[in-house]
Structure formats: structure tokens, C-alpha cells
Amino acid sequence: MRALEPIAWVGPAVVLIVLVVLWPVIEMIRSSFLKISRFGVVQGSNGLANYDKLFNEKDFADIMVRSVIWVVAVVALTVLISLALAQLFNQRFPGRKIARWALIAPWAASVLMTAIIFKWMLDPEVGVINQIRLKLGLIDAMGGAAADQLGDASTAMPWLVFVAVFVSVPFTTYALLAGLATIPSDVYEAARMDGAGRLRTYWSITLPLLRPALTVAALINVMNVFNSFPIIWAMTHGQPGYSTATSTILMFILKGSDIGESAAMSVVNFGMVIVLTVIFLRVSRWNKEVA
């Protein structure tokens with residue numbers, strides 16, 4: 001009986017993983033080979049027709065490239081800003097506790113609500129950002145009062161990236177703050193005794209010792225951003241055309257007309273997340289010992 005005791009502890013977790021993770025993945029893959037009406041009625045096997053139809057969508061290649069650029073841009077900016085903020089908030093200064101609490105606000109708020117607020121702020125007629133542009137005399141230089149910042153991909157994508165970074169920075173900063181808290185103070189004392197400057201100390205001591213926390217935070221961001229849906233959908237619906245759509249948005253749009261093709265897009269998304277994760281882990285050398 002003692003040999004079976006571990007099952008009592010591990011069993012519920014295994015069952016949960018099977019029901020919440022493995023079963024949906026299996027169903028997703030199975031559905032991608034079926035012909036399913038837009039009402040959800042299975043009409044039989046469809047072979048590779050769903051994938052063939054998906055890969056022949058005229059905007060498919062552009063959307064996949066945009067999805068990768070979206071992930072790289074958001075995660076890179078998030079990590080860089082969070083590194084600076086974590087280093088700042090790790091110092092002692094008046095009002096540090098208030099500043100830390102203020103940083104939680106974008107994280108605590110609903111992502112969808114944040115996206116809708118920014119959409120309202122960017123309204124070409126009554127949005128507060130347009131009003132600020134008017135006060136600063138920038139209204140003509142930026143397309144006039146009727147210019148819709150979310151109506152053109154060249155201006156919409158930077159705003160989408162900004163909002164995604166805005167909601168991602170708090171979690172990443174706190175993850176890095178936790179990592180900074182684990183670095184022993186005596187290594188900094190040794191660096192000062194050796195005559196190392198602040199920049200040298202940060203590059204040679206802080207960053208290497210922060211790598212485990214940085215790797216985890218960045219990896220979570222890669223997966224979250226790639227699968228991000230509320231920000232783009234609430235602000236642009238992937239429009240105009242598919243010019244601001246990512247693969248997740250395309251998957252949702254396809255669901256309304258062809259569930260099988262949408263399932264195929266889900267499988268491609270799943271594969272892309274795995275590929276991006278593997279590439280990130282190899283580049284970050286997560287399993288290498290810190291020298």
C-alpha cells in the first residue's frame with residue numbers, strides 16, 4: 001500500500017493535466033482533419049483539405065510573419081523596460097512602496113478593459129489622445145483631426161504593441177524583482193572591492209545571476225503574447241483587411257465560416273508556440289550553468 005501512496009498525491013494533478021491540456025490538444029488535432037459546418041455539425045473526414053485551404057489563404061503568409069514580429073517586438077520591449085524598472089524599484093527611494101503598488105494597476109486590470117480604454121482614447125473625434133495632439137499643435141502633422149490612428153496598419157500596429165507592452169511590463173518587472181532579491185549582497189561587495197564600476201557589475205554579476213528569472217519571465221511572455229487575443233480584437237478586429245491580424249485573430253475569424261479550417265489554424269498556432277519556445281530556450285541557454 002505504501003508504494004501506492006505517491007499516486008494519491010500525483011494522481012489528481014495527472015488527471016487535471018489530461019483533462020485540461022492533453023484532451024483539448026487531441027480534440028483540436030482531430031478536428032483539423034474533419035469537415036465541420038459553421039454550426040458545429042461533423043460531416044465526416046476531410047483529410048488534409050483544411051490545411052490545404054488554410055495555406056492557400058492569400059493573407060496567410062503575411063499574418064504568420066506579422067505574428068512573429070508581434071511576439072519579438074512586444075517581448076523584447078517588455079523585457080528591456082522591465083529590466084530598467086526592476087533595477088529602479090530594487091533601490092531605496094521615497095515613495096517606493098507607492099510606486100510598486102501603482103505598477104500593479106495595469107496588471108490587475110482586465111486586458112480587454114485596458115484595450116477598450118485605449119481604443120476610446122484613440123478615437124479620432126473625441127479621444128483624449130487626439131485632444132492632446134490638438135493642444136500641442138500636432139494635429140495637422142499627424143493627419144488632421146479626422147485621422148484614425150487605428151484605421152491604418154502603419155499607425156495601428158505601434159499602438160497595439162504599446163498596449164501589449166503596457167499590460168505585460170508589471171508581471172515581468174515583479175518577476176525580475178523577485179530574481180534580484182535572491183542575489184546575495186556579498187557578491188556586490190566583492191565586486192566593489194575589486195574596483196568594478198556599476199555598469200561592469202550589472203553586466204558581469206546582476207544579469208548572469210538574474211538569468212533564471214529572466215528566462216522564465218520572457219518565456220511566459222512569449223507564450224502569452226503569441227496567443228494574445230483581446231488587445232488586437234478589441235482595438236482593431238485585425239482590420240483594415242487583415243493588416244493588423246495575427247494568427248490567433250485569423251483562427252477566430254475562420255471559426256465563423258469553417259470550423260475545420262479554424263482547427264487547422266489552431267494546430268499551426270500550437271506548433272508555432274512550440275517552435276518559438278524551443279528557439280528561445282536554445283538562444284537563452286537556459287540549462288547552462290552560470291559561470
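Arg-30 forms a salt bridge with Glu-27, and their closest N and O atoms lie 3.0 Å apart. The model is a predicted one. Both Arg-30 and Glu-27 belong to helix α1. They sit three residues apart, about one turn of the helix. Neither partner is buried. Arg-30 counts as partly exposed because its relative accessibility is 44%. Glu-27 also counts as partly exposed, because its relative accessibility is 25% and the buried class ends at 20%.

Now take the helix that carries this pair. Helix α1 covers residues 5-31, 27 residues in total. From its first C-alpha to its last it reaches 38 Å. That is close to the 39 Å expected at 1.5 Å a residue. Yet α1 has a bend of about 40° at Gly-11. A proline, Pro-12, follows within four residues of that point.

Which residues of α1 are buried? They are Gly-11, Val-25, Met-28 and Ser-31. Gly-11 thus appears twice in this account, as the site of the bend and as a buried residue. The buried residues of α1 pack against three elements: β1 (34-36), α2 (49-55) and α12 (259-284).

Two of those elements, α2 and α12, lead to another salt bridge. Here the side chains of Glu-261 and Lys-53 meet, with N to O at 3.7 Å. This pair links distant parts of the chain. Glu-261 lies in helix α12 and Lys-53 in helix α2, 208 residues apart. The Arg-30 and Glu-27 pair, by contrast, stays within helix α1.

Are Glu-261 and Lys-53 buried or partly exposed? Glu-261 counts as buried because its relative accessibility is 1%, where the class requires under 20%. Lys-53 counts as partly exposed because its relative accessibility is 41%. The bridge therefore joins a buried carboxylate residue to a partly exposed lysine. Glu-261 and Lys-53 are also part of a network of salt bridges that includes Asp-258.

One more pair deserves a look. The side chains of Asp-59 and Lys-58 meet in a salt bridge, 3.4 Å from N to O. Lys-58 counts as exposed because its relative accessible area is 73%, and exposed means over 50%.

How many salt bridges does a search of the whole structure find? It finds four. Such pairs arise because side chains of opposite charge can pair when their charged atoms come close.

Key. Residues are numbered from 1 along each chain as its sequence is written. This is a predicted model: local features need pLDDT of at least 70, side-chain atom pairs count only at pLDDT 80 or more; totals for chains, interfaces and linings use all residues. Side-chain values use heavy atoms; hydrogens and water are left out. Helices (H or I, at least four residues) and strands (E, at least two) are DSSP runs, numbered from the N terminus. The expected span of a helix is 1.5 Å times one less than its number of residues. The bend at a residue is the angle between axes fitted to the seven residues ending there and the seven starting there. Buried means under 20% relative accessible area, exposed over 50%, partly exposed in between (1.4 Å probe, protein chains only). Contact means heavy atoms within 4.5 Å.
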